[in-house]
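Work through these exercises with the sequence and the model side by side. Try each task before reading its solution.

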Amino acid sequence: MENKVENQVDKVENKRMSNTEGDIENEVENKVKTQIDETENKLETKTEDDIENKVENKVENQVDTAENEEVSKTEGDVENEVEDKVENKVKNQMDNTENKLSRINDVESEIKSQLESKVETGSIVGNEIENQQKQEDILSVSHTGSGGLAAAKEAVGLGAKVAVLDYVSPSPIGTTWGLGGTCVNVGCIPKKLMHQAALLGEAIHEAATFGWQLDPKTVKIDWEALRTSVQNHVKSVNWVTRVELRTKKVEYFNALGHFKDAHTVVGTTKKGEEKVFTAKDILIAVGGRPRYPDIPGAVEYGITSDDIFSLERAPGKTLVVGAGYIGLECAGFLNGLGYDTTLMARSIVLRGFDRQMAEHVAEEMQQRGVNFIYEAKVKKIAKQEDGRLLVDWVDKDGQIHQDVYDTVLFAIGRRSLTQELKPENAGLKLIPETGKIDAVNEQSNVPNIYAVGDVLHKKPELTPVAIHAGKLLARRLYGNSTEKMDYTNVATTVFSPLEYGCVGLSEEAAVALHGQDEIEIFHAYYKPTEFFVPQKSPDRCYVKVVALRHGDERVLGMHFVGPNAGEVIQGFAAAIKCGLTIPKLKSTVGIHPTVAEEFTRIFITKRSGLDPKPQSCCS
Ligand SMILES: Cc1cc2nc3c(=O)[nH]c(=O)nc-3n(C[C@H](O)[C@H](O)[C@H](O)COP(=O)(O)OP(=O)(O)OC[C@H]3O[C@@H](n4cnc5c(N)ncnc54)[C@H](O)[C@@H]3O)c2cc1C
Ligand SMILES: NC(=O)c1ccc[n+]([C@@H]2O[C@H](COP(=O)([O-])OP(=O)(O)OC[C@H]3O[C@@H](n4cnc5c(N)ncnc54)[C@H](OP(=O)(O)O)[C@@H]3O)[C@@H](O)[C@H]2O)c1
């Protein structure tokens, strides 16, 4: 029995030591069951009394033997000697038994506590578990960005077993980050905080006109303090995410996943250890990473949105290349923080958005001091002796120009991280040009492989889209839901200095779809009450409503440039989902004095030719 117990204890201990990351409930549960059963059996058949009896029998035998052997000794001598022997033997046996029992108890309670905490950093899913995992068990493997996390949390709530993998490869300059994906670490969250920092700078300058006693000339940003505050918040979200995964019993593994086959994902840890997961369903939510142009010096000296929010040094004079969401937002907050900022667009700004609104946003940024260079491309970046970056760029006429910057930030779109998944091993098809997945209701060409978020072909690359699609997919797979993701009329906001929020069709898209005669465009400039005291320009804020001209005059699109655009447009997005019409909009009583009320008093159509400029605050 002693050897058996010891072997078992050793086995459990060895297993625990070889498991470095991740943990699997089944493995531990099975082990615990077997071990507890075996232990209980042993304890049942070999109680302390049993052992004592056995020892006593042994001792009696020994006494008999001794009595026979030690005939020359007196009876008393023999008795004393044997008594001592018996005492020692019984004591040793009892000590051994106690030690064994206490070791068994230790192992049991350790395994129990492992079961309670489910997954500790450094636990593992191994081949043994893979073999134990039955295909009919629901085990879903996903990646922990916005979409993967949402799907995972929803799925475990519906009774599925879920493992999530997350792995961040460092950026070319070595930036890396924690759990939670792009939005939390290098996207929406740090961006919004830096945007807010820039808005506060603007507010400080306006505060003097409201009577605040301060000298705006002495106000400047401390980049290090800003970066630290932003990163502290990001880290707190990483931590909360981790705790939430544990609480919700989603198993997390810090490993880079790739397909072995359609039901098997291999995760490789930083140390190069491999873990194998088999699953009935697999969800791809790997998102993307910024692209770099194929020009000399781009990767060596350029940075991207992956780096800017944790940049060790202040960015200084910055060239932002690319005029999409990220380009405009980064250029906007950098300029607002006081850095000399140039935005270089190879064509137009904000492709895909309502043209008039996009240009309005760019003009407004220009008025604030962002230098725009249109129809130009960077050709080369070199590092000067003083450490600054010499940038060669070419204009639309082929003329080469040069300028020196402290930072060059590329915001030229993002590459899906699907190639790294070795999709061919699972028979997964990708769109060749983009590497994206052309899924139908989030289901790929391989029936048990699903995808949500930025990896989806022709779907909005937005956090709430990834989250919503992930949740609905989990409900369809593991609940009784049939609700599908509706990718139309998704509201979005560009966090440019004066924000631009919109939902539904652009003017161009509506005209292309229904014809010029069938579309009515309502529009208005407006001046927020808070703009009057600092005497901000009345042609900055603008709203536009795109609607059907006939029939029920259904609203097809709403566009808003002004303060807190995201907050404003969110509610109207719900109204559009509910079938908002122009008569309903006009019959909605506004909240005064707010900027959102401008939508409720919109009456000038472009067709009328009337001046959309405001006559007074309450016109
Ligand atoms: C600068 C910036 C600002 C943004 N601002 C906004 C905003 O204001 N509002 C908004 O709605 N959206 C914004 N977005 C977009 C938003 O961040 C994305 O749409 C969203 O994060 C997509 O979620 P996802 O789940 O598809 O992927 P992600 O959030 O990118 O998560 C994917 C995760 O999978 C990991 N991963 C990748 N490959 C593997 C692998 N093989 N194995 C294991 N793990 C892997 C990645 O490291 C990552 O952690 C912004 C994006 C950027 C870059
Ligand atoms: N507020 C938000 O919700 C928010 C914020 C940030 C990001 N996001 C999401 O993240 C996604 C990615 O944003 P993004 O700004 O990286 O991409 P994007 O919106 O697709 O814009 C990419 C920009 O880079 C330009 N470009 C492409 N290749 C180039 C090259 N080789 N040289 C120079 N310029 C080049 C494009 O110009 P062309 O127009 O000429 O192609 C475009 O202006 C967005 O689609 C968005 O959904 C959302």
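**Exercise 1: A sheet and its edges**

In strand 12, the bridge partner of Thr 342 is Asn 371. The model is a predicted one.

Task: Find which strand is joined to strand 12 by bridges, and how many bridges there are. Then explain why one side of strand 9 and of strand 12 is left without a neighbour in the sheet.

Solution.
- Step 1. Start from the pair Thr 342 and Asn 371. Strand 11 covers residues 341-345. Four bridges join strand 11 to strand 12, and the two run parallel.
- Step 2. Place this pair in the sheet. The sheet is open and has five strands, in the order 9-16-10-11-12. The pairing is parallel.
- Step 3. Look at the ends of that order. Strand 9 (303-304) and strand 12 (371-374) stand at the edges. Each has a single partner strand, so one side of each lacks a neighbour in the sheet.
- Step 4. Add the helix. Helix 12 (residues 325-336) lies across strand 10 (318-321), strand 11 and strand 16 (407-410). Helix 12 runs at about 165° to strand 11.

**Exercise 2: Two packed helices**

Task: Decide whether helix 6 and helix 14 are roughly parallel or roughly antiparallel to each other.

Solution.
- Step 1. Take the geometry. The helices pack at an angle of about 30°, with their axes 7 Å apart.
- Step 2. Apply the cut-off. Angles under 35 degrees count as roughly parallel. Helix 6 and helix 14 are therefore roughly parallel to each other.
- Step 3. Add the handedness. The crossing of helix 6 and helix 14 is right-handed.
- Step 4. Sort the residues of this contact. They divide into 10 nonpolar, five polar and three charged.
- Step 5. Find some of them. Helix 6 brings residues including Ser 146, Ala 150 and Glu 154. Helix 14 brings residues including Ala 466, Gly 470 and Lys 471.

**Exercise 3: Two ligand shells**

Task: State how many residues surround ligand 1 and how many surround ligand 2. Which element gives the largest share of the shell around ligand 2?

Solution.
- Step 1. Ligand 1 is surrounded by 34 residues. The closest are Gly 145, Gly 181, Gly 187, Gly 287 and Gly 453.
- Step 2. Elements giving two or more residues to this shell include helix 6 and helix 14.
- Step 3. By class, the shell around ligand 1 has 15 nonpolar, 14 polar and five charged residues.
- Step 4. Ligand 2 is surrounded by 25 residues. Gly 322, Gly 324, Tyr 325, Ile 326 and Glu 461 are the closest.
- Step 5. Helix 12 gives the largest share of the shell around ligand 2, four residues.
- Step 6. The shell around ligand 2 has 12 nonpolar, seven polar and six charged residues.

Notes. Residues are numbered from 1 along each chain as its sequence is written. Chains are lettered from A and ligands numbered from 1 in the order in which they are written. This is a predicted model: local features need pLDDT of at least 70, side-chain atom pairs count only at pLDDT 80 or more; totals for chains, interfaces and linings use all residues. A residue is near a molecule or strand if its C-beta atom, placed from the backbone, lies within 6 Å of it. Ala, Val, Leu, Ile, Met, Phe, Trp, Tyr, Cys and Pro count as nonpolar, Asp, Glu, Lys and Arg as charged, and the others, Gly among them, as polar. Two strands pair if DSSP finds at least two bridges between them. Two residues are in contact if their C-beta atoms, placed from the backbone, lie within 7 Å. Axes are lines fitted to C-alpha atoms, for helices over the stretch in contact, and angles run from 0 to 180 degrees between N-to-C directions. Angles under 35 degrees count as roughly parallel, over 145 as roughly antiparallel, 65 to 115 as roughly perpendicular and the rest as oblique. A crossing is left-handed if the near helix is turned anticlockwise from the far one by less than a right angle, and right-handed if clockwise.
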